[in-house]
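The following account leads the reader through one protein model, moving from its sheets to its ligand and then to its overall form. Please keep the sequence and the structure in view while reading.

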Amino acid sequence: MALFNPKVFLTLTEGKLEGTEIKQSYKYLNALAGVFKNETARAEMDQDALIYEVQAYMPVEEGKSGGLFFGNSTIYPGKVDQEYFMTRGHFHSNFDTAEYYWGVKGEGYLILMDENRKIWAEKMTPGSVHYIPGKVAHRVANTGSEPLVFNACWPSDAGHDYESIAEHGFSARLLEVDGEPKLVEE
Ligand code: PA5
Ligand code: NI
């Protein structure tokens with residue numbers, strides 16, 4: 001029987017994935033038109049600013065059932081007007097599929113919204129574990145002054161539905177109000 005070395009490594013203190021099979025994507029401010037409340041403020045900022053980046057280990061074909069994907073996301077600190085830098089957020093296309101997120105570095109909030117648009121947020125810190133049930137949209141905002149790093153694990157047939165968020169948004173936004181993060185209804 002052969003002995004193999006792992007193809008993928010996770011740097012435990014940084015949450016980074018290393019290996020030739022890791023896919024990497026970058027989200028710059030110019031790709032986030034319409035995502036933040038104050039679109040005028042977003043359009044006036046440096047469009048080449050890196051807002052977040054995502055690594056993904058996808059050992060099976062995307063859309064195939066039965067597999068699991070593993071990811072790392074890093075959201076840089078900053079705000080558009082009062083609103084913290086955050087991910088676009090999505091429901092899963094395969095609506096009733098769940099996901100785990102867990103905090104590695106930095107601090108922020110995981111914002112969750114169910115199919116009835118009921119919304120809540122969970123504080124993310126190094127080591128915090130977040131179960132995202134099926135049928136719940138999810139987005140993460142960095143409320144700190146350092147990069148916010150979290151890992152994720154999700155089913156290979158979950159898919160990402162960005163369209164319904166682009167059309168209807170989340171029912172509240174995480175804004176800095178009097179120096180503190182506050183979930184403010186739309
Ligand atoms: O699978 C996930 O939910 C994450 O890996 C996200 O895709 C990642 O955090 C980036 O967020 P979004 O896909 O909403 O742009
Ligand atoms: Ni997801």
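In this predicted model, three strands form an open sheet in the order β10-β9-β12, and their pairing is antiparallel. Strands β10 and β12 lie at the edges with a single partner strand each, so one side of each has no neighbour in the sheet. Neighbouring strands of this sheet are turned against each other by 25° on average, direction ignored. As a general point, strands of a sheet pair through backbone hydrogen bonds, in either a parallel or an antiparallel manner.

Strand β9, residues 108-113, is mostly covered, with five of its six residues buried. On one side, β9 pairs with β10 (residues 119-124) in the antiparallel sense over six bridges. With β12 (residues 137-142), β9 likewise pairs in the antiparallel sense over six bridges. The residue G108 illustrates this arrangement: its counterpart in β10 is M124, and its counterpart in β12 is N142. Elsewhere in β9, M113 has A137 of β12 as its bridge partner. The hairpin of β9 and β10 has five residues between the strands, and in this hairpin R117 adopts a positive phi near 70°.

Is V140 buried or exposed? This residue belongs to strand β12. V140 has 26 other C-beta atoms within 10 Å, and because 20 or more suffice for a residue to be buried, V140 counts as buried. V140 and Q24 are separated by 116 residues in sequence and by 18 Å in space, C-alpha to C-alpha.

A second open sheet consists of six strands in the order β3-β4-β5-β13-β8-β11, again with antiparallel pairing. Its edges are β3 (22-28) and β11 (129-132); each has a single partner strand, so one side of each is left without a neighbour in the sheet. From one strand to the next, the twist averages 20°. Within this sheet, β5 and β13 pair in the antiparallel sense over eight bridges. One of the residue pairs concerned is G71 with its bridge partner A152 in β13.

The pair of β5 and β13 leads to the ligand. Which residues surround ligand 1? They are V54, G71, S73, T87, R88, G89, H90, E99, R139, A152, W154 and H160. Two strands, β5 (68-75) and β13 (148-155), each supply at least two residues of this shell. The bridge partners G71 and A152 are both among the surrounding residues. By character, the shell divides into three nonpolar, six polar and three charged residues.

E99, which is also part of the shell around ligand 1, is located in strand β8 (residues 99-105). With 19 C-beta neighbours inside 10 Å, E99 counts as partly exposed, because 20 or more would be required for a buried residue. E99 and G134 are 35 residues apart in sequence, whereas their C-alpha atoms are 7.7 Å apart in space.

Another glutamate, E185, has its place in strand β15 (residues 180-185). E185 has 7 C-beta neighbours inside 10 Å and therefore counts as exposed. Although 66 residues separate E185 from I119 in sequence, the distance between their C-alpha atoms is 9.1 Å.

The overall form may now be considered. The protein contains two helices and 15 strands. Of its 186 residues, 26% count as buried. Its C-alpha atoms fill a box of roughly 60 × 35 × 30 Å along the principal axes. Why does the radius of gyration agree with that of a compact globule? For 186 residues, such a globule would have a radius of gyration near 16 Å, and the protein has 17 Å, which agrees.

Finally, the UniProt record, in an unreviewed entry, lists residues 30-175 as "domain: Glucose-6-phosphate isomerase prokaryote". Over residues 30-175, the chain is 8% helix and 42% strand. The C-alpha atoms at the two ends of this stretch are 21 Å apart.

How values were computed:
Residues are numbered from 1 along each chain as its sequence is written. Chains are lettered from A and ligands numbered from 1 in the order in which they are written. This is a predicted model: local features need pLDDT of at least 70, side-chain atom pairs count only at pLDDT 80 or more; totals for chains, interfaces and linings use all residues. UniProt positions are given in the numbering used here, feature names are shortened, and annotations may be inferred rather than shown by experiment. Helices (H or I, at least four residues) and strands (E, at least two) are DSSP runs, numbered from the N terminus. A residue is near a molecule or strand if its C-beta atom, placed from the backbone, lies within 6 Å of it. Ala, Val, Leu, Ile, Met, Phe, Trp, Tyr, Cys and Pro count as nonpolar, Asp, Glu, Lys and Arg as charged, and the others, Gly among them, as polar. A residue is buried if 20 or more other C-beta atoms lie within 10 Å of its own, exposed if 12 or fewer, and partly exposed in between; C-beta atoms are placed from the backbone. Two strands pair if DSSP finds at least two bridges between them. Axes are lines fitted to C-alpha atoms, for helices over the stretch in contact, and angles run from 0 to 180 degrees between N-to-C directions. The radius of gyration is taken over C-alpha atoms; the globule rule is 2.2 Å times the number of residues to the power 0.38.
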